[in-house]
Amino acid sequence: MVTLVIFTGCTADFEKLNTNPNAPVSVQPGLLLRQVIYDFGEQMSYEGFAAGDLLSQHRTALDFNLFDRHALKSPQLGGNPWPVCYTNLRDNELLLKQAQSNETFTVYEGPSLILKAYMTQGLTDLFGDVPYFEAFNGIEGTVTAPYDAQKAIYLAEGGILDNLDKGIAALNAYDGAVALEGDLLFSGDLDKWIQFANSLKLKALIRISSREDVASEIASIFAAGNYIGNNSDNAVFDFTNSAPNSFRFAQLRAGDFNNFVLSETMEEILTDLNDPRIGVFFRPFANSTSAEFNGLINGINASQTSIEPANYSLAGTLFRENTSELDANFMTAWETQFILAEAAAKGYITADAETLYNSGVQLAFEYWLTELPADYLSGPAAYNAPGTTPLEQIITQKWIANLINGYEGWVEWRRTGFPEFKPVAASLNDGLIPVRMPYPAEEQALNADNYQAAAAATNDNSLNAPVWWDN
């Protein structure tokens, strides 16, 4: 059985939604859309800081964090994306069914299909094969859903790419007068939802490009040009500076916030690039005498290693004092430009890859509220910098900008091998960096037969069994 957990909370700026599974049609679709966008965006931003950034080696944890040592079945503070995805996919399914069964709510069909594709990709990219095609019927009765192959989840009817196409078609066909309410991403602008969907198609296609011939589809989207091209069109929503809608780590006690510091991997990459974003992402360490930054190797054994917190750089003020400048990120112009740069470098599209790369870097600096140094793109960060490859440069810049963006930095490392990660100090995974998240223990208990089949296909639910697109 797919375990679904509802996360609720009172908010000042976002309307409270009570989802009643016994009477789902009583929930207004605008409230449901608002709930899904806010809950998924808020929770995955939190997951990004507390767990995704550990796996991607953007930051590390100081004290007794088994997840940072790659015991991924032991989530601490974060590291449990399964219920986040399934809760919101289930709620989104209620929205989709309302849109498809009630003409008054037709305007919600496109956005709900696009969100379904977006959240499904996040889920399957982490775990591989997952319950999907039969997983969202819990309202009608208890379902122990089978695990579907990741290839089918991407490519089959009702899967990621098909739902994006259907979402775009629904938006293009809509000619009603009912406004899209509850839209925290685009304030009801349907054209921007289409741009969002096309950027998501590019993301999905490039992710499976080692297994499928995607060149013509990418070229078609690029030629049409109707994707996210500017930061003003990004699929994001802003946090606030005060609870309850500030970034969640700003609301936690100082001890939890201060447990996460700059990683040695991130420090070396940003320092080698002379990248000023280090001062936005992190603070000079407290014991520094000259505003220096210092990172720690990932995965220490705190019981055997004495660590002085004042010797390492904490997360920047953006993540605690000034969270109104921080976004929950669904899709951006800079990510789209880096995808297109990779596509050009691989010959999928006819375009200048360096120009697209430079544009991605400029947009990423703007997104992270940092002025791009005049010489940045002619130094170590240059597209053709000595000792690097274009793909390495593209993915490294995408990796830098993917801070707190769920698990994207780690997912892209799994796909490309860039940037180069360091072995963790005290690994609990035989020194290997994991290439998938394990299925949670609840699945073994509540969906036993289907779980056993999925576990057998992943070497007993191994962290080291690559997903379909990574083979």
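The questions and answers below concern a predicted model.

Reader: On which residue is the kink in helix α1 centred?
Author: Helix α1 covers residues 29-55. Its axis is kinked by about 50°. The centre of that kink is glycine 48.

Reader: Is helix α1 largely enclosed by the rest of the structure or largely exposed, and how many of its residues are buried?
Author: Buried here means under 20% relative accessible area. Helix α1 is largely enclosed by the rest of the structure, because the number of its 27 residues that are buried is 26.

Reader: Which residue just after α1 takes a positive phi?
Author: The phi in question is about 60°. The residue that takes this value just after α1 is glutamine 57.

Reader: Are α3 and α5 roughly parallel or roughly antiparallel?
Author: Helix α3 spans residues 109-127 and helix α5 spans residues 160-173. Their axes come within 7 Å and cross at roughly 160°. Angles over 145 degrees count as roughly antiparallel, so the two helices α3 and α5 are roughly antiparallel.

Reader: Is the crossing of α3 and α5 left-handed or right-handed?
Author: Two packed helices are described by the angle between their axes and the distance between the axes. For α3 and α5, the handedness of the crossing can be given as well: left-handed.

Reader: How do the residues of the contact of α3 with α5 divide into nonpolar, polar and charged?
Author: On the α3 side the contact includes Glu109, Leu113, Ile114 and Lys116. On the α5 side, Ile160, Asn163, Leu164 and Lys166 are among the residues met. The division of the contact residues is eight nonpolar, six polar and three charged.

Reader: Is lysine 116 buried or exposed?
Author: Lysine 116 is placed in helix α3. Its relative accessibility is 11%. The cut-off for buried is under 20%, so lysine 116 counts as buried.

Reader: Which residues does lysine 116 touch, not counting residues up to four places away in sequence?
Author: One of the residues touched by lysine 116 is Asn163, which is also among the α5 residues that meet α3. The full set for lysine 116, leaving out residues up to four places away in sequence, is Leu89, Asn92, Glu93, Leu96, Tyr132, Phe136 and Asn163.

Reader: What is omega for the cis peptide bond that joins alanine 243 and proline 244?
Author: Proline 244 lies in the loop between β4 (235-238) and α8 (248-251). The bond that joins alanine 243 to proline 244 is cis, with omega about 10°.

Reader: What is omega for the cis peptide bond that joins phenylalanine 418 and proline 419?
Author: Proline 419 is placed in the loop between α15 (408-416) and α16 (441-446). Phenylalanine 418 is joined to proline 419 by a cis peptide bond, and omega is about -10°.

Reader: Is asparagine 459 buried or exposed?
Author: Asparagine 459 sits in the segment after α17 (448-457). Its phi is positive, about 55°, although the residue is not a glycine. At 60% relative accessibility, asparagine 459 counts as exposed.

Reader: What is phi of aspartate 460 near?
Author: Aspartate 460 is also in the segment after α17. It counts as exposed, at 59% relative accessibility. Aspartate 460 is a residue other than glycine with a positive phi, near 65°.

Reader: Which residues does asparagine 405 touch, not counting residues up to four places away in sequence?
Author: Asparagine 405 is in the loop between α14 (390-401) and α15. It is buried, with a relative accessible area of 6%. Leaving out residues up to four places away in sequence, asparagine 405 touches Asn329 and Glu335.

Definitions and conventions:
Residues numbered from 1 in each chain as written. Predicted model: local features only at pLDDT ≥ 70, side-chain atom pairs only at ≥ 80, totals over all residues. Heavy atoms only, no water. Bend = angle between axes of the 7 residues up to and from the residue. Helix = DSSP H or I, 4+ residues; strand = E, 2+ residues; numbered from the N terminus. Buried < 20%, exposed > 50% of the residue type's maximum accessible area, 1.4 Å probe, protein only. Axes fitted to C-alpha atoms, helices over the stretch in contact; angles between N-to-C directions. Parallel < 35°, antiparallel > 145°, perpendicular 65-115°, else oblique. Left-handed = near helix turned anticlockwise from the far one by under 90°. Contact = heavy atoms within 4.5 Å. Nonpolar A, V, L, I, M, F, W, Y, C, P; charged D, E, K, R; others polar.
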